[in-house]
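Colleague: I would be grateful for a close look at a single part of this model. Please take one helix and describe how it sits among its surroundings, and then follow the contacts outward from there.

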Amino acid sequence: MKWKMDQIEMYSKAKEYVDTAIIPLTPVQWGKDEKNIINMGEYTNYLSDYIERQFIGRVFLFPSFTYLKFESKEEKIRRLVEWDKHLYQEGFKYIMYITADSEWKIVEKKLPGELIWLPAISTETTKTDQFKKTIQEQVQQVMPLFSLKWQEEPTERED
């Protein structure tokens, strides 16, 4: 399920089964390396959409958590932790962050949820079968992470 009006009723009916939030982490920057930054965001969105389709009925895909690439790590973490805390309090016991920005790997241990990082591939050829096949292969490698997480007790959040 996604952050869309036509899917909120479906969520309401299946709320007890939808225990996992997916939050794409998307950098924003203009004037320097914007092509690479845009590619990271597009790739993260393609990947998140594909994962959501694989686990429909168990996950909810939220809009991207956007941040300025040059924003301090502390500020990004603070804001993301607020999102995480809110979603946890509203019933999402597992919160997964998906990104192509490797800077999140540096602060991964400070995050209450699970970080999935994959290096971006070029999205300029999104219409090709090779691009779609690559996304499918990467998602196949990521899917066991969700299954393993669901076998664990959810990580408690501090108030």
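Modeller: What follows treats one helix, α3, and then the salt bridges and buried positions around the fold. The model is a predicted one.

Helix α3 covers residues 73-89. At 1.5 Å a residue, its 17 residues should span 24 Å, and the end C-alpha atoms are 24 Å apart, so the expected and modelled spans agree. The buried residues of α3 are Lys76, Ile77, Leu80, Asp84, Leu87 and Tyr88. Seen down the axis of α3, these buried residues fall within an arc of 95 degrees, and therefore they line one face of the helix. The general geometry is relevant here: an α-helix has 3.6 residues a turn, so residues three or four places apart point the same way. The face of α3 turned away from the buried side carries the exposed residues Glu74 and Gln89. The buried residues are covered by elements that include β1 (20-28), β3 (65-68), β4 (94-99) and α4. After α3 comes Gly91, whose phi is positive, near 110 degrees.

One of the buried residues of α3, Lys76, also belongs to a network of salt bridges with Lys69, Asp101 and Glu103. Within this group, the side chains of Glu103 and Lys69 meet in a salt bridge of 3.3 Å, N to O. That pair links distant parts of the chain, with Glu103 in helix α4 and Lys69 in the loop between β3 and α3, 34 residues apart. Glu103 counts as partly exposed because its relative accessibility is 29%, whereas Lys69, at 15%, counts as buried.

Asp84, another of the buried residues of α3, leads to a glycine further along the chain. Gly113 is in contact with Asp84, Ile95, Tyr97 and Arg157, leaving aside its neighbours within four places in sequence. Gly113 is found in the loop between α4 (103-106) and β5, and its relative accessibility of 16% counts as buried. The C-alpha atoms of Gly113 and Ile22 are 91 residues apart along the chain and are separated by 9.8 Å.

Strand β5 itself takes part in a salt bridge. Lys149 pairs with Glu114, the closest N and O atoms being 3.2 Å apart. Lys149 lies in helix α5 and Glu114 in strand β5, so the pair ties together parts that are 35 residues apart in sequence. Lys149 is buried at 17% relative accessibility, while Glu114 is partly exposed at 25%.

The loop between β5 (114-117) and α5 (129-151) holds Thr123. Thr123 is buried, with a relative accessible area of 6%, and its side chain makes a polar contact of 2.6 Å with the side chain of Glu42. Not counting residues up to four places away in sequence, Thr123 touches Asn39, Glu42, Tyr43, Tyr46 and Phe131.

Helix α2 (residues 34-54) includes Thr44, which counts as buried at 0% relative accessibility. Beyond residues up to four places away in sequence, Thr44 touches Pro24, Leu25, Ile98, Thr99 and Ala100. Elsewhere, the side chains of Asp49 and Lys2 meet in a salt bridge of 3.6 Å, N to O. Asp49 is in helix α2 and Lys2 in the segment before α1 (5-14), so the two stand 47 residues apart and the pair links distant parts of the chain. Asp49 is partly exposed at 26% relative accessibility. In total, the structure holds 15 salt bridges.

Key
Residues numbered from 1 in each chain as written. Predicted model: local features only at pLDDT ≥ 70, side-chain atom pairs only at ≥ 80, totals over all residues. Heavy atoms only, no water. Helix = DSSP H or I, 4+ residues; strand = E, 2+ residues; numbered from the N terminus. Buried < 20%, exposed > 50% of the residue type's maximum accessible area, 1.4 Å probe, protein only. Polar contact = N/O pair within 3.5 Å; in protein donor to acceptor, adjacent residues only side chain to side chain. Contact = heavy atoms within 4.5 Å. Expected span 1.5 Å × (residues − 1). Arc of directions from axis to C-beta. Salt bridge = Lys/Arg side-chain N within 4 Å of Asp/Glu carboxyl O.
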